[in-house]
Amino acid sequence: MKFILGSEKDFSDFVDLINKEDRVGIITHTDLDGVASAIFLEKILESKGIKVSKILFLKYELGMFDNPILLLKQNKISKLFLTDMNADEADLLGFEKLRKTFDCFLIDHHPINDNLINRKNIIKNETNDCSAFVLYNLAKLC
């Protein structure tokens, strides 16, 4: 598996900064890769004593993060993971708005948007490897 953006250390550093006061959420795609990614991620976090407060499964559509932002705010989410979401795609989906609202970390296998300026807290791997495979490998490091 080859990362084209981000690293295992970036993921570990983000997870290590989660404290007891943080409420953690996960947004993931509704397909098998997204569901498996959320399960692996939840297990990784549980192994570190971190409880996931909310998991949302989304389909791709314009403005897809608008309602989830409201729901996650209501649940007082402070740290948010996105898995298997091509969220940076020309920001038509509202990824930057999401990042301004929550401390986010994206794990994804879709191609990088060439116009993406803020590449912090993002892991992108080669598209041939699904996001669940990335998280499976991250779990082995924990």
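This is a short guided tour of the structure above, one selection at a time. Keep in mind that the model is predicted.

**Stop 1: the sheet**

Start with a cartoon view and colour the strands. You should find an open sheet of six strands, in the order 1-6-5-4-2-3 and with mixed pairing. Strands of a sheet pair through backbone hydrogen bonds, and they can do so parallel or antiparallel. Which strands form the edges? Select residues 3-5 for strand 1 and residues 52-58 for strand 3: these are the edge strands, and each pairs on one side only. Rotate the view a little to see how the strands turn: on average, neighbouring strands of this sheet are turned by 20 degrees against each other, direction ignored.

Now add residues 24-29, which make up strand 2. Strand 2 and strand 3 run parallel and are joined by six bridges. To look at one of these links, select Val24, whose bridge partner in strand 3 is Val52.

**Stop 2: two helices on the sheet**

Next, show helix 1, residues 8-16. Helix 1 lies across strand 1, strand 4, strand 5 and strand 6, and runs at about 145 degrees to strand 5. Then show helix 5, residues 131-141, which packs on the sheet too. Helix 5 touches strand 1, strand 4, strand 5 and strand 6, and its direction makes about 110 degrees with that of strand 5.

Which residues of helix 5 are buried? Select Ser131, Ala132, Val134, Leu135, Asn137 and Leu138 to see them. The buried residues of helix 5 pack against strand 1, strand 4, strand 5 and strand 6, and also against helix 1 and helix 2 (32-47).

**Stop 3: a cluster of rings**

Switch on the aromatic side chains. The structure holds six aromatic pairs. A good place to begin is Phe11 with Phe81: this pair is tilted, at 6.2 Å centre to centre and with 55 degrees between the planes. Phe11 belongs to helix 1 and Phe81 to strand 4 (residues 79-83), so the pair links distant parts of the chain, 70 residues apart. Both Phe11 and Phe81 are buried.

Keep Phe11 selected and add Phe105. How are these two rings arranged? Their centres are 5.8 Å apart and their planes stand at 75 degrees, which is over 60, so the pair of Phe11 and Phe105 is edge-to-face. Phe105 lies in strand 5 (residues 103-108) and Phe11 in helix 1, so this pair ties together parts that are 94 residues apart in sequence. Both Phe11 and Phe105 are buried.

Add Phe14 to complete the view: ring pairs link Phe11, Phe14, Phe81 and Phe105 into a cluster. Then select Lys79, whose charged end sits over the ring of Phe14, 5.5 Å from its centre.

**Stop 4: Asn121**

From the rings, go to Asn121, in the loop between strand 5 and strand 6 (122-125). Is Asn121 buried or exposed? Its relative accessibility is 16%, below the 20% limit, so Asn121 counts as buried.

What does Asn121 touch? Not counting residues up to four places away in sequence, Asn121 touches Phe14, Asp103, Cys104, Phe105 and Leu106. Two of these names, Phe14 and Phe105, will be familiar from the ring cluster. The side chain of Asn121 also reaches the backbone oxygen of Cys104, at 3.3 Å. While you are here, look at the backbone: Asn121 has a positive phi of about 60 degrees although it is not a glycine.

**Stop 5: two more loops**

Move on to Lys76, in the loop between helix 3 (66-74) and strand 4. Lys76 is another residue other than glycine with a positive phi, here near 55 degrees. Lys76 is exposed, with a relative accessible area of 62%.

Finish at Glu126, in the loop between strand 6 and helix 5. With 33% relative accessibility, Glu126 counts as partly exposed. Leaving aside neighbours within four places in sequence, Glu126 is in contact with Lys2, Ile4 and His109. For a last look across the model, select the C-alpha atoms of Glu126 and Leu17: they are separated by 27 Å, and the two residues are 109 residues apart along the chain.

Conventions
Residues numbered from 1 in each chain as written. Predicted model: local features only at pLDDT ≥ 70, side-chain atom pairs only at ≥ 80, totals over all residues. Heavy atoms only, no water. Phe/Tyr/Trp six-rings, centres within 6.5 Å; stacked < 30°, edge-to-face > 60°. Helix = DSSP H or I, 4+ residues; strand = E, 2+ residues; numbered from the N terminus. Buried < 20%, exposed > 50% of the residue type's maximum accessible area, 1.4 Å probe, protein only. Lys NZ or Arg CZ within 6 Å of the ring centre and 35° of its normal. Polar contact = N/O pair within 3.5 Å; in protein donor to acceptor, adjacent residues only side chain to side chain. Contact = heavy atoms within 4.5 Å. Pairing = 2+ DSSP bridges. Axes fitted to C-alpha atoms, helices over the stretch in contact; angles between N-to-C directions.
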